[in-house]
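Good morning, and thank you for joining this group meeting. I would ask you to keep the sequence and the structure in view while I speak.

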Amino acid sequence: MAQSNIEWTELTWNPVTGCTKVSPGCKFCYAESMTKRLTAMGVEKYKDGFKIRIHPDTLNIPFSWKKSKIVFVNSMSDLFHPDVPIDFIKAVFSVMNHTPQHIYQVLTKRSERLAEISNLLNWTPNIWMGVSVENEDYTYRIDDLSTTGAKVKFLSIEPLIGPVITLNLGSIDWVIVGGESGHKARPLEKKWIDFVKNRCEENNVAFFFKQWGRPKFNANQNDPTIDAKHPQHAKGGCELDGEVFRNMPEHAA
Ligand code: SF4
């Protein structure tokens, strides 16, 4: 496990590493660049680079955490990648099922496979299932997610690189929005963020605005959270019309 800098979680747990790019949101994949670094440092877990690799020896780690945790599962991979064997996905779910004291956040871009095998999985309430949606072309992932048995469903609209209009939030509990970071980051527009936020408010869905990504994308150049010393600092700042939105699903309470 590792402490996480991601604003919406506490820890990461990576029983799978490696991935392949599947859509435009993958262009500047954080997991890929982090893997390159770890491989270069000689870290055994990453010796195969970004090739999919399962790590059965990591499965029992959540049993060792003394206090309840909010855990992002597979920050360095995609659990529903076609090269991850179904039996291993079931083993990961079994650990989550047997450690109800923790909340697990599982996020995928392979929503087709998620929908296909959902009925083989045990969806205990501590498993929050999410799909990434980077622009309108990938809103079908929301429909795939809606067909699953997950008790808490969420969207990661990050990096937001184009308008997302077809937002069927009927079964969705939580939406995270964020801009891309890094020097080649693709810009986002405030009206795209506002559209998603307004739909969340209309549908009573928890809205979390993670970051603008780069200060130059921020609609308010005086946003105090641009400053790295600000207690709520996030990349490029994280205020929207003077407010920070870091809502979580009610189930987190
Ligand atoms: S699906 Fe996720 S982990 Fe895999 S390449 Fe794309 S961004 Fe990276």
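**A short tour of the model**

Let me begin with Asn74, which is buried, with a relative accessible area of 2%. Please bear in mind throughout that this is a predicted model. Asn74 sits in the loop between β5 and α2, the latter formed by residues 86-97. Its phi is near 65°, a positive value in a residue other than glycine.

Strand β5 itself deserves attention. Which strands pair with β5? Strand β2, residues 11-13, pairs with β5, residues 70-73, in the parallel sense over three bridges. Strand β6, residues 103-108, also runs parallel to β5, and four bridges join these two. Val73 of β5 appears in both pairings: Trp13 stands opposite Val73, and in β6 the bridge partner of Val73 is Val106.

I turn now to helix α5, which comprises residues 190-202. At 1.5 Å a residue, its 13 residues should span 18 Å, and the end C-alpha atoms are indeed 18 Å apart, so expectation and model agree. Its buried residues are Trp192, Ile193, Val196, Lys197 and Cys200. Because these cover an arc of only 130° around the axis, they lie on the same side of α5. Lys191 and Glu202 are exposed on the other side of the helix. Against what do the buried residues of α5 pack? They pack against β8, β9, β10 and β11. After the helix comes Asn204, with a positive phi near 60°.

Strand β8, residues 152-157, contains Ser156. Is Ser156 buried or exposed? Its relative accessibility is 3%, so Ser156 counts as buried. Leaving aside residues up to four places away in sequence, Ser156 touches Leu107, Val131, Ser132, Val133 and Ile176. In the loop between β8 and β9 we find Pro159. The peptide bond from Glu158 to Pro159 is cis, with omega near -5°.

Asp241 offers a further case of positive phi, about 50°, although it is not a glycine. This residue is in the loop between β11 and β12. At 59% relative accessibility, Asp241 counts as exposed, whereas Asn74 is buried.

Finally, I come to the ligand. Which residues surround the ligand? They are Cys19, Thr20, Lys21, Cys26, Cys29, Ser77, Asp78, Lys109 and Arg110. By class, this shell has three nonpolar, two polar and four charged residues.

Thank you for your attention.

Conventions
Residues are numbered from 1 along each chain as its sequence is written. This is a predicted model: local features need pLDDT of at least 70, side-chain atom pairs count only at pLDDT 80 or more; totals for chains, interfaces and linings use all residues. Side-chain values use heavy atoms; hydrogens and water are left out. Buried means under 20% relative accessible area, exposed over 50%, partly exposed in between (1.4 Å probe, protein chains only). Contact means heavy atoms within 4.5 Å. A residue is near a molecule or strand if one of its heavy atoms lies within 4 Å of it. Ala, Val, Leu, Ile, Met, Phe, Trp, Tyr, Cys and Pro count as nonpolar, Asp, Glu, Lys and Arg as charged, and the others, Gly among them, as polar. The expected span of a helix is 1.5 Å times one less than its number of residues. The arc is that of the directions from the helix axis to the C-beta atoms. Two strands pair if DSSP finds at least two bridges between them.
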